[in-house]
Every structure is written in C-alpha cells, then in structure tokens.
Amino acid sequence: MMVNKKTLWLSVIITLMGVHQVEAGEKTFNNGRYYLKVGALGATPDASGYQYTLDPATRCIYHSGSEPTASYLVNLHMPDGHKIMGLNYEFYDIDSAGYTAAKIIRSDGTIAGSSHVVAVLSQGSYFGYSSEYEELITPHIIDNSRYQYVMQFYRINPTGQDDDLQMCQARVVLEPGQ
C-alpha cells in the first residue's frame, strides 16, 4: 500500500497535537484536546464602513477607519457535540488607551438569542505581541442544530485609527463530545 506524503504529514501533525485518531471523511477525534486556529486576516467587516489594513511586520490586522469601535467576523464550523474548552487570543498591543478582543458568539438567528460563549481581551499594559487565554469553567457543548457560531475580532480605541492595536489570531480549544 502506497502512503501519500501529504496524508502522512497530516497524520504526524495531528498525532503531535494530542489527537490520537482521525478517520478520513468522518472527522472523528478521540482522546484529547485539539485546536481550531482562526486568523483575523480572514475576517469580514461587521459593518460596511469598517476597513482594516495588514501590518506586514506582524502579519496582524488593525482597523484603518476613523471609528472608535470596529468589529470583524469569521464563521466557525465546529463538530456538533464537541466541547469548547477555552479560547487563546493573540494580538499586538502597545496602546494603553484602547484594547482589542476576540470572542465566540453563538446565535439562534435572533438578536435576543445571541450571546457570547467566551471572550478574551487585550486590555492592560502590553509591550508588543502577546496572548491571553480564557478557560471555560463549564465547557460549552456545540449545538449546530440550534446555533450558528462566529468568531468576532473587535477593537475599541477612543483615538480612532491606530496601528498600535492589532488583531492577530484566536485558537479555539476543543474536546470531543462524550
């Protein structure tokens, strides 16, 4: 039997991440946490006037409009029944006046039915590229039949446009369902 190099490489990566079994076509994960990386660069503006710029030095984005707040969204596709355990947010922040954040929002399609599952802020005294992690006390069980999930990257800065507050990526920490 001939093994495809790409398949073998993927198998090695998954094994190193702590995922012990992956069956092609079924996306079955057993025995451990795994991660879904979500880049801010792939996000779309929440409002038509919002726009961002890529910083080639950090590979992160920053809001390039004059609005004090801005929000960018990425649709999430996660396995039904699996558990969201936490969220790690990576950012570039050298501005003490504002902050950026990443949060997972679940929605049933109505405004009243929208809530965040977990949020991580960059607020504080940072000096460049950093990350923050938020572990859920009670894991959130993904229910794709009732909810849609999105990653929201946003920033709040009273001074408007600012490349000192950059959104890089988030890593959703997941575990298989029981």
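**Exercise 1. Which residues of the largest nonpolar core touch the most other members?**

Before we start: this is a predicted model, where local features need pLDDT of at least 70, side-chain atom pairs count only at pLDDT 80 or more, and totals for chains, interfaces and linings use all residues. Residues are numbered from 1 along each chain as its sequence is written, and side-chain values use heavy atoms, with hydrogens and water left out.

*Solution.*
- Start with the rule: a nonpolar core is a set of buried Ala, Val, Leu, Ile, Met, Phe, Trp, Tyr and Cys residues joined through side-chain atoms within 4.5 Å. Buried means under 20% relative accessible area, exposed over 50%, partly exposed in between (1.4 Å probe, protein chains only).
- The largest core has 30 residues, and the ones touching the most other members are Ile84, Leu87, Ile104, Met151 and Phe153.
- Next, see who contributes: strands 1, 5 (69-76), 6, 7 (99-107), 8, 10 (148-156) and 11 each supply at least two residues of this core. Strands (E, at least two residues) and helices (H or I, at least four) are DSSP runs, numbered from the N terminus.
- Now zoom in on Ile104. Its contacts (heavy atoms within 4.5 Å), leaving aside neighbours within four places in sequence, include Ile84, Leu87, Met151 and Val172.

**Exercise 2. Work out how strand 11 is placed among its partners.**

*Solution.*
- Check burial: nine of the eleven residues of strand 11 (165-175) are buried.
- Look for pairing, which takes at least two DSSP bridges between two strands. Strand 1 (34-39) runs antiparallel to strand 11 over six bridges, with Tyr34 partnered by Leu174.
- Strand 6 (83-93) also pairs with strand 11 in the antiparallel sense, over ten bridges; here Gly86 has Val173 as its bridge partner.

**Exercise 3. Find the disulfide and describe it.**

*Solution.*
- Apply the cut-off, a pair of cysteine sulfur atoms within 2.5 Å: the count comes to one disulfide.
- That bond joins Cys60 to Cys168, S to S 1.9 Å. Cys60 sits in strand 4 (60-63) and Cys168 in strand 11, 108 residues apart.
- The S-S torsion of Cys60 and Cys168 is about 95°, so the disulfide is right-handed.
- Both ends are covered: Cys60 is buried at 1% relative accessibility, and Cys168 is buried at 7%.

**Exercise 4. Trace the salt bridges that involve Glu175.**

*Solution.*
- Set the rule: a side-chain nitrogen of Lys or Arg within 4 Å of a carboxyl oxygen of Asp or Glu.
- Glu175 meets Arg33 at 3.0 Å, N to O. Glu175 is in strand 11, while Arg33 is in the loop between helix 1 and strand 1.
- Glu175 also bridges to Lys83, with the closest N and O atoms 4.0 Å apart. Lys83 counts as buried, at 15% relative accessibility.
- Arg33, in turn, pairs with Glu135 (2.8 Å, N to O). Arg33 is partly exposed at 27%, and Glu135 is partly exposed at 32%.
- Put together, shared partners join Arg33, Lys83, Glu135 and Glu175 into one network.

**Exercise 5. Is Ser122 buried or exposed, and what does its side chain meet?**

*Solution.*
- Locate Ser122: the loop between strand 8 (114-121) and strand 9 (128-141).
- Ser122 has a relative accessible area of 0%, so it is buried.
- Its side chain makes a polar contact with the side chain of Asp93 at 3.3 Å. Such a contact is a pair of N or O atoms within 3.5 Å; within protein, one must be able to donate a hydrogen and the other to accept it, and residues adjacent in sequence count only if both atoms are side-chain atoms.
- The backbone nitrogen of Thr100 lies 2.8 Å from a polar side-chain atom of Ser122.
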